[in-house]
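Student: I'd like a close look at a single part of this structure, please. Pick one piece, take me through it slowly, and then show me how it fits into what lies around it.

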Amino acid sequence: MKFVHAADLHIDSPLRGLEHYEGAPVERVRLATRVALANLVRACVEEEASFLIVSGDLFDGDWNDFNTALFAAAQMRTLRNHGVRVFVIRGNHDSRDEMSYRVPWPDNLHMLDCKRPETIVLEDLGVAIHGMSFPRRELTENLVPRYPDPIKGLLNVGLLHTNATGSLDHDSYAPCSVGELAAKGYDYWGLGHIHKREVLHEGPYIVYPGNTQGRHVRETGAKGCVVATVEGGEVASLAFRSTDVLRWRREAIALAPEDGVDELIDAARMRLKAVAGESDGRLAAVRLEFKGRCRAHRTLGDETRRLETVAQLRALPGEFTDDLWVEKIKLETDLPLDREQLRKGRDVLGDLLRSIDDVRSDDAALTALGEQVRKLATRATLELKDEGDDRFAGPDQLRRWLRQAEDELLNRLTTTEARA
Ligand SMILES: [Mn+2]
């Protein structure tokens with residue numbers, strides 16, 4: 001017997017600001033969470049799973065469009081037609097209070113109670129399912145002590161939406177510890193909430209399957225569900241199956257001192273080709289991060305050349321695939337110089353760098369500089385496009401400007417030949 005465990009589908013979660021991205025495959029990205037659900041359903045059918053558990057955040061929140069619910073219900077009907085039962089708990093995103101509409105679920109789907117932990121016994125399979133839905137978003141109490149004791153002679157499966165690892169990337173809802181979950185006496189804890197796949201414990205298994213589809217560049221790598229195989233009344237093995245249709249990647253490209261813009265483009269082309277080769281028909285959304293001291297940094301100091309280079313980089317995938325989108329380009333290169341060495345120099349450049357340093361590290365000097373800049377800005381009625389008024393010419397911004405000024409000076413006062 002097999003069952004499938006998924007969580008955090010966040011169906012139809014809006015991908016905010018996508019329209020601002022140049023050339024973003026908006027439709028494909030928008031539909032990705034739905035296609036991931038369809039892939040999850042296919043996985044259940046192909047694995048001949050007896051049931052599917054969904055450990056919260058099936059929906060991203062109340063939908064703008066009732067089609068979100070209809071789509072999900074239709075997918076669950078497909079499972080019904082294949083004899084797959086579905087057990088779902090609500091998470092913080094789709095807690096009872098967050099959702100105003102009722103979904104026309106088919107009768108193979110059971111949404112677990114949000115008042116107290118509920119147990120469902122599947123006599124035919126020898127399985128007891130325990131779980132509790134979130135009644136509201138802000139659930140900060142530990143639910144584990146309220147969960148019932150395991151039922152002897154059955155395979156006990158617990159569903160819980162929780163931050164069980166104290167992850168700082170996720171809100172600390174229904175917090176608990178791995179130790180107390182393990183001590184509960186269940187055979188399998190199907191967790192949700194943390195979007196990164198992780199088996200926290202074996203014997204008993206305590207598992208985060210991760211979300212079914214990465215939604216932004218911080219959710220990189222393969223996303224999917226966990227298939228558990230039960231033999232002789234216990235979970236014998238786990239397998240991962242991907243369900244994602246779009247995979248996020250961050251690719252760091254290190255450049256060498258002699259690398260110019262041509263070499264930068266060539267390196268990006270090679271890397272993107274490699275990524276495309278590994279993508280397996282999925283859409284790859286790639287963030288390119290260029291690093292290193294390189295000749296190209298001088299050229300890219302020029303606004304026009306930088307924009308031109310970014311446009312060239314964005315166009316690269318079109319040479320060989322339709323399935324790769326350059327999500328963002330980060331040019332974090334530096335001049336091919338040893339700043340520290342130059343800073344120590346007994347020459348004009350060394351003096352300049354040291355005086356910039358003095359201002360940068362002196363709060364009083366920064367404040368004085370800020371006042372000067374503000375006066376200048378008022379007098380010149382400059383367009384202040386960067387930040388709000390209160391942060392304008394504040395210490396952080398001044399430090400950034402000083403860095404830019406230093407860059408500019410270095411660029412003008414050194415040549416490639418003079419690099420240290
Ligand atoms: Mn959640």
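Tutor: Let's start with the one cut-off we need: a residue is called buried if 20 or more other C-beta atoms lie within 10 Å of its own C-beta, and exposed if 12 or fewer do. Please keep in mind that we are looking at a predicted model.

The part I have picked is strand β8, residues 188-192. Five of its five residues pass the cut-off for buried, so β8 is largely enclosed by the rest of the structure. It helps to look at which way each residue points. In a regular strand the side chains alternate between the two faces of the sheet. In β8, Y188, G190 and G192 point one way, W189 and L191 point the other way, and all of them are buried. If you rotate the view, you can follow both sets in turn: W189 and L191 on one side, then Y188 with the two glycines, G190 and G192, on the other.

Now for the partners. Strands of a sheet pair through backbone hydrogen bonds, either parallel or antiparallel. One partner of β8 is β7, residues 155-161, which runs parallel to it and is joined to it by five bridges. Within that pairing, Y188 of β8 is the bridge partner of V157, and W189 stands opposite G158. Another partner is β10, residues 205-208, again in the parallel sense, this time over three bridges. Here W189 comes up once more, as the bridge partner of I206 in β10. W189 is therefore a handy landmark when you trace the pairings, with G158 across from it and I206 as its partner in β10.

How does the chain get from β7 to β8? Helix α3, residues 178-183, belongs to this connection: β7, α3 and β8 together make a right-handed β-α-β unit.

Stepping back, β8 sits in an open sheet of six strands, ordered β5-β6-β7-β8-β10-β9, with mixed pairing. The edges are held by β5 (118-122) and β9 (198-201), which have a single partner strand each, so one side of each is left without a neighbour in the sheet. On average, neighbouring strands of this sheet are turned by 20 degrees against each other, direction ignored.

Just ahead of the edge strand β5, in the loop between β4 and β5, you will find R116. R116 has 11 C-beta neighbours inside 10 Å, and therefore counts as exposed. Apart from neighbours within four places in sequence, its contacts are M132 and R146. Its C-alpha also lies 8.2 Å from that of S133, 17 residues away in sequence.

There is another open sheet of six strands to set beside this picture, in the order β4-β3-β2-β1-β11-β12, and its pairing is mixed too. Its edge strands are β4 (109-111) and β12 (234-242), each pairing on one side only. Strand β1 of this sheet has four of its five residues buried, so it is largely enclosed by the rest of the structure. β1 pairs in the parallel sense with β2 over four bridges, V4 being the bridge partner of L52. With β11 it runs antiparallel, joined by four bridges, and there F3 stands opposite A228. β11 (residues 224-231) in turn pairs with β12 in the antiparallel sense over eight bridges, with A228 partnered by L238. Helix α1, residues 26-46, packs on this sheet and touches β1, β2, β11 and β12, its direction making about 165 degrees with that of β1.

Finally, the wider setting. The chain is divided into domain 1 (2-242), domain 2 (246-334) and domain 3 (339-418). The centres of domain 1 and domain 2, taken over C-alpha atoms, are 36 Å apart. Fifteen residues of domain 1 are in contact with ten of domain 2, and those on the domain 1 side divide into seven nonpolar, five polar and three charged.

Definitions and conventions: Residues are numbered from 1 along each chain as its sequence is written. This is a predicted model: local features need pLDDT of at least 70, side-chain atom pairs count only at pLDDT 80 or more; totals for chains, interfaces and linings use all residues. Two strands pair if DSSP finds at least two bridges between them. A crossover is right-handed if, with the strands pointing away from the viewer, the path from the first strand over the helix to the second runs clockwise. Domain bounds come from an automatic or database domain assignment. Two residues are in contact if their C-beta atoms, placed from the backbone, lie within 7 Å. Ala, Val, Leu, Ile, Met, Phe, Trp, Tyr, Cys and Pro count as nonpolar, Asp, Glu, Lys and Arg as charged, and the others, Gly among them, as polar. Axes are lines fitted to C-alpha atoms, for helices over the stretch in contact, and angles run from 0 to 180 degrees between N-to-C directions.
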